[in-house]
Amino acid sequence: MRKAFVALLIAGVLLAGWASATLAGSIEEQTLRLAAELRCPVCQNLSVADSPSEMAIQMRELIYEKMKQGESPEQIRSYFVSRYGEWILLAPTRQGFNWLAWLLPFVAILAGLGVIVLTIRRSIERSHRSNAEQLRPPDPRYASRLEAELKEMER
């Protein structure tokens, strides 16, 4: 039992190491991934990875050089933020007031679902109410008069 646990533990560590190496990818892949997170200062609607501008090419080369020197993607991201400000990031950082940008779409979706559910529930209640009104017994005054007239017609 103990040997199986140790073998399973070693296999888990090896698998975790393989997964992190696979997910990290080569320096070129990491460069493109990081460049896709940065906004091109020239073509402001494109990422550095997608932009054909000379500035974006230089930024990709700089990212590649910094990756080759061993800097982490976070350090390189911080370098560009310190140079251009948070504006350079295509996605806002998850801190402070920026959480509003991350959470507001989900809140809007939940609110929309709530409105849809309420509308459906009200519609169902309205249809049940109208069915109940149709099945309501007639007024006793009219019921007795109706019975009397039906009896007269039968004669």
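This passage looks at a helix pair, a nonpolar core and a buried loop residue in a predicted model.

We can begin with the helices. Two packed helices are described by the angle between their axes and the distance between the axes. For helix α3, spanning residues 54-68, and helix α4, spanning residues 73-84, the angle is about 140 degrees and the axes lie 10 Å apart. The two helices are therefore oblique to each other, and their crossing is right-handed. On the α3 side, the contact is made by M55, M59, L62, I63, K66 and M67, while α4 contributes P73, I76, Y79, F80 and Y84. By residue class, this contact holds 10 nonpolar residues and one charged residue, with no polar ones.

The interior comes next. The largest nonpolar core comprises 13 residues, and those with the most contacts inside it are L38, V48, I63, I76, F80 and I88. Two or more residues of this core come from each of α2 (27-36), α3 and α4, with α3 giving the largest share, four residues. The surroundings of L38 are worth a closer look: setting aside residues up to four places away in sequence, L38 touches L46, S47, V48, I63, F80, I88, L89 and L90.

Finally, there is S53, found in the loop between α2 and α3. Buried means under 20% relative accessible area, so S53 counts as buried at 11% relative accessibility. Beyond its neighbours within four places in sequence, S53 is in contact with C40, V42 and C43. In the case of C43, 10 residues away along the chain, the C-alpha atoms of the pair are separated by 7.3 Å.

Technical notes:
Residues are numbered from 1 along each chain as its sequence is written. This is a predicted model: local features need pLDDT of at least 70, side-chain atom pairs count only at pLDDT 80 or more; totals for chains, interfaces and linings use all residues. Side-chain values use heavy atoms; hydrogens and water are left out. Axes are lines fitted to C-alpha atoms, for helices over the stretch in contact, and angles run from 0 to 180 degrees between N-to-C directions. Angles under 35 degrees count as roughly parallel, over 145 as roughly antiparallel, 65 to 115 as roughly perpendicular and the rest as oblique. A crossing is left-handed if the near helix is turned anticlockwise from the far one by less than a right angle, and right-handed if clockwise. Contact means heavy atoms within 4.5 Å. Ala, Val, Leu, Ile, Met, Phe, Trp, Tyr, Cys and Pro count as nonpolar, Asp, Glu, Lys and Arg as charged, and the others, Gly among them, as polar. A nonpolar core is a set of buried Ala, Val, Leu, Ile, Met, Phe, Trp, Tyr and Cys residues joined through side-chain atoms within 4.5 Å. Buried means under 20% relative accessible area, exposed over 50%, partly exposed in between (1.4 Å probe, protein chains only).
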